[in-house]
Amino acid sequence: MANEYPCMKCMKNVPRRMHAVSCDGCGRWQHRLCDTGITSEQYRLMSSGQLTMEWSCVDCNLDSEVRQLSSTTVYDEIPPDTSIPNSPIRELSQTLFHLMVTQT
Ligand SMILES: [Zn+2]
Ligand SMILES: [Zn+2]
């Protein structure tokens, strides 16, 4: 259980006693001191419930627009048929069907 919550910045474990925040977008953790931009005072207010802050990691901040673009282009590039090109199971069932047809 050493790396249950690895920091996405330094990849080290995030123990409960350390200041760390989880990304609202991907749920991954990052040490407060690893470029979160959150001050110890803000963190203290957050943990005591006096301040609510939405924090998202660098990846999620950068991704928000790119993800919307790629989701539309991916469907155009990959038509449903090419995902299973020549499945052996499909060929076998076709052969069996052919045998049944010729026997009757
Ligand atoms: Zn870290
Ligand atoms: Zn994230």
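## Strand E1 and Ser-22

A strand here is a DSSP run of at least two residues, and strands are numbered from the N terminus. Ser-22 sits in one of them, strand E1. Keep in mind from the start that this is a predicted model.

Is Ser-22 buried, exposed or something in between? Ser-22 counts as partly exposed, because 16 C-beta neighbours lie inside 10 Å, a number between the 12 or fewer of an exposed residue and the 20 or more of a buried one. Leaving out residues up to four places away in sequence, Ser-22 touches Gly-27, Arg-28 and Trp-29. There's also a longer link along the chain: Ser-56 comes 34 residues away from Ser-22 in sequence, yet the two C-alpha atoms are 7.6 Å apart.

## Overall layout

Zooming out, the protein has 3 helices and 2 strands. Follow the sequence and you'll meet them as β-β-α-α-α. Just 9% of the 104 residues count as buried. As for contacts with a separation of 6 or more, 35% of them join residues 24 or more positions apart.

## How far to trust it

Mean pLDDT for the protein is 77, with 60% of the residues at 70 or more. Which elements mark the two ends of the confidence range? Strand E2 has the highest mean pLDDT, 95, while helix H2 (residues 58-77) has the lowest, 59. Where pLDDT is low, don't read the predicted coordinates in detail.

## The nonpolar core

The largest nonpolar core is made of 5 residues: Cys-7, Val-14, Ala-20, Val-21 and Trp-29. Cys-7 has contacts inside that group, touching Val-14, Ala-20 and Trp-29. Its other contacts, again skipping residues up to four places away in sequence, are Lys-12, Gln-30, His-31 and Cys-34.

## A buried arginine

Arg-32 belongs to the loop between strand E2 (29-31) and helix H1 (40-47). Why does this loop residue count as buried? It's because Arg-32 has 20 other C-beta atoms within 10 Å, and 20 is where "buried" begins.

Who are its partners? Beyond residues up to four places away in sequence, Arg-32 touches His-19, Ala-20, Val-21, Ile-38 and Tyr-43. Two of these, Ala-20 and Val-21, are members of the largest nonpolar core. Tyr-43 is 11 residues from Arg-32 in sequence, with 8.1 Å between the C-alpha atoms.

## Positive phi angles

A few residues have a backbone worth checking on screen. Met-11 has a positive phi, near 65°, although it isn't a glycine. This residue comes in the segment before strand E1 (20-22). Met-11 counts as exposed because it has 9 C-beta neighbours inside 10 Å.

Asp-35 is another non-glycine residue with a positive phi, near 60°. You'll find Asp-35 in the loop between E2 and H1, which is also where Arg-32 sits. Asp-35 has 12 C-beta neighbours inside 10 Å, so this residue counts as exposed, whereas Arg-32 is buried.

Gly-49, just after H1, takes a positive phi as well, of about 85°.

## Helix H1

How many of the 8 residues of H1 are buried? The number is 0, so the helix lies largely in the open. Tyr-43, the partner of Arg-32, falls within the 40-47 span of H1.

Definitions and conventions
Residues are numbered from 1 along each chain as its sequence is written. Chains are lettered from A and ligands numbered from 1 in the order in which they are written. This is a predicted model: local features need pLDDT of at least 70, side-chain atom pairs count only at pLDDT 80 or more; totals for chains, interfaces and linings use all residues. Helices (H or I, at least four residues) and strands (E, at least two) are DSSP runs, numbered from the N terminus. Two residues are in contact if their C-beta atoms, placed from the backbone, lie within 7 Å. A nonpolar core is a set of buried Ala, Val, Leu, Ile, Met, Phe, Trp, Tyr and Cys residues joined through C-beta atoms within 7 Å. pLDDT is the predictor's confidence in each residue, from 0 to 100.
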